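Please find below a colleague's note on this model, set out as numbered points. The model is a predicted one, and the comments should be read with that in mind.

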Amino acid sequence: MAQLPAPAALVHEWFTPRSVGGAELVVRELDALLGQPALFSLVDGESRRGGSWLEGRTIHTSFVQGLPWGVSHVQQYLPLLPLAIEQLDLSGYPLVLSSSHLVAKGVLTSPDQCHISYVHTPVRYAWDQMHAYLRQSALARRGLGPLIRWQLHRLRQWDLLSAQRPDALIANSRFTAARIQRYWGRDAAVVHPPVAVERFRWDQPRDDVYLCLCRLVPYKRVDLVVEAFNRTGLPLVVIGDGPERARLQALARPNVTLLGRLGQAEVTSWLGRCRAYVYAGLEDFGIAPLEAMAAGAPVIGLGQGGLLDTMRCLVRGDSQPTGVLFPQQSVAALMAALEQFEAQRLWRQLPADSLRQWAEQFSPDRFRQRMAAAIERAWGEHQRQLAQRSCALSVPLP
């Protein structure tokens with residue numbers, strides 16, 4: 001990586017024990033890439049937690065840190081978060097890198113600073129998924145729908161405004177880049193997130209059970225998966241926890257088993273021995289399907305969104321296929337894919353070593369290489385703009 005200015009700053013929405021998803025994997029790699037930069041966040045619940053990768057680090061936080069339950073339930077202060085992120089003082093850092101799925105891109109920087117934002121998603125529930133969010137909102141059902149709609153309207157306004165602040169945007173998938181163009185009117189480079197492929201064994205004997213692994217929240221559409229398996233009678237194991245768990249448990253027939261939240265070793269074991277991983281959510285990227293491929297498991301997934309960046313479909317004749325894509329987010333479409341997968345024994349045409357080879361192109365090493373190149377390009381362009389501005393100022397006025 002070319003010489004970049006020091007010190008650099010890295011901004012992330014929040015560091016809490018509950019946040020252990022793909023965004024946090026990205027932040028950890030960015031932290032290593034920048035050589036442990038200064039860290040900024042709305043709240044910090046990690047630097048004093050034993051065993052955390054952030055234990056002992058200094059994390060600069062916002063006023064939300066001191067509010068009641070601010071650290072454990074930061075999202076309850078959503079109307080305050082745009083204001084809070086703008087209060088972080090980033091002066092003195094020539095290079096600012098933000099990891100944003102909500103407000104981190106909105107930090108305030110000067111024209112002399114280079115701000116690069118890695119965008120996991122424009123705020124889903126403020127844009128294209130607003131109506132689905134409102135249908136599931138308990139507060140909306142209690143008569144607060146108009147107030148929530150007004151707050152989301154204001155959030156959209158701020159989201160568009162703050163999206164103009166970074167010098168460069170990097171999206172985690174082509175789908176996210178398209179959403180950035182649609183909602184913010186800006187172009188974004190694409191650098192796929194890192195996947196810890198080395199954590200998985202791909203050469204284990206496989207069972208006949210199918211696996212669904214994710215948080216049990218409405219937009220993941222695990223209800224669709226459970227209903228499809230209810231009707232086909234095929235064995236399904238669901239791993240994960242969340243507000244949908246009780247409803248899914250009531251929906252499930254005896255061939256569907258919900259195991260709740262499991263430890264990393266157990267999850268890795270299930271991925272390494274399932275017949276296929278089933279995924280029905282519309283995701284901006286989707287790390288879990290790639291983890292399944294790294295473990296040698298084919299994927300039966302929705303052929304929309306970020307999954308189009310990471311999957312190769314066997315039935316449409318893609319080279320180096322990794323699974324089967326179904327076209328619509330419906331029980332009927334998933335059932336058709338499952339029945340074809342079983343009737344034609346398609347897993348035999350999807351060897352585990354080939355799936356692992358495909359997944360390795362999304363490894364942390366590849367991410368660091370691509371991200372370093374993207375940062376260098378953005379920094380170089382920023383330096384050229386500064387030089388042009390300096391030259392313009394040096395020309396005497398008539």
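1. The buried residues of α4 pack against three other helices, namely α2, α3 and α5. Those buried positions are A140, G145, I148, L152, L155, R156, W158, D159 and S162, a list that includes charged side chains such as R156 and D159 alongside nonpolar ones such as I148 and L152. As general background, an α-helix has 3.6 residues a turn, so residues three or four places apart point the same way.

2. The course of α4 deserves a careful look in the viewer, since a kink of about 120 degrees lies at L144, shortly before the proline P146. Between its end C-alpha atoms α4 spans only 29 Å, whereas a straight helix of 25 residues would span 36 Å at 1.5 Å a residue.

3. Which residues have the most contacts inside the largest nonpolar core? They are V11, F40, L42, L81, I85 and W184, within a core of 40 residues. Two or more residues apiece come from β1 (8-15), β2 (38-44), α2 (81-86), α3 (130-136), α4 (138-162), β6 (168-171) and α5 (174-184), and the largest share, five residues, is given by α4.

4. Leaving aside residues up to four places away in sequence, V11 touches F40 and I85, and its other partners include L88, L90, V96, L97, A104 and V107 as well as the serines S98 and S99. A second core, separate from the one described above, has 35 residues, among them C212, L302, A333 and A337.

5. Strand β1 is mostly covered, with eight of its eight residues buried, and it pairs in the parallel sense with β4 over five bridges and with β2 over six. On the β4 side, A8 has L95 as its bridge partner, while on the β2 side W14 stands opposite V43. From β1 the chain crosses through helix α1 (residues 22-33) to β2, and this β-α-β crossover is right-handed.

6. Strand β5 (residues 114-119) is likewise mostly covered, six of its six residues being buried. In a regular strand the side chains alternate between the two faces of the sheet. Here C114, I116 and Y118 point one way from β5 and H115, S117 and V119 the other way, and all are buried.

7. The neighbours of β5 also run parallel to it: six bridges join it to β4 (residues 95-100), and four join it to β6. The bridge partner of L95 in β5 is C114, and on the other pairing S117 stands opposite L169 in β6.

Conventions. Residues are numbered from 1 along each chain as its sequence is written. This is a predicted model: local features need pLDDT of at least 70, side-chain atom pairs count only at pLDDT 80 or more; totals for chains, interfaces and linings use all residues. Side-chain values use heavy atoms; hydrogens and water are left out. A nonpolar core is a set of buried Ala, Val, Leu, Ile, Met, Phe, Trp, Tyr and Cys residues joined through side-chain atoms within 4.5 Å. Buried means under 20% relative accessible area, exposed over 50%, partly exposed in between (1.4 Å probe, protein chains only). Contact means heavy atoms within 4.5 Å. The expected span of a helix is 1.5 Å times one less than its number of residues. The bend at a residue is the angle between axes fitted to the seven residues ending there and the seven starting there. Two strands pair if DSSP finds at least two bridges between them. A crossover is right-handed if, with the strands pointing away from the viewer, the path from the first strand over the helix to the second runs clockwise.
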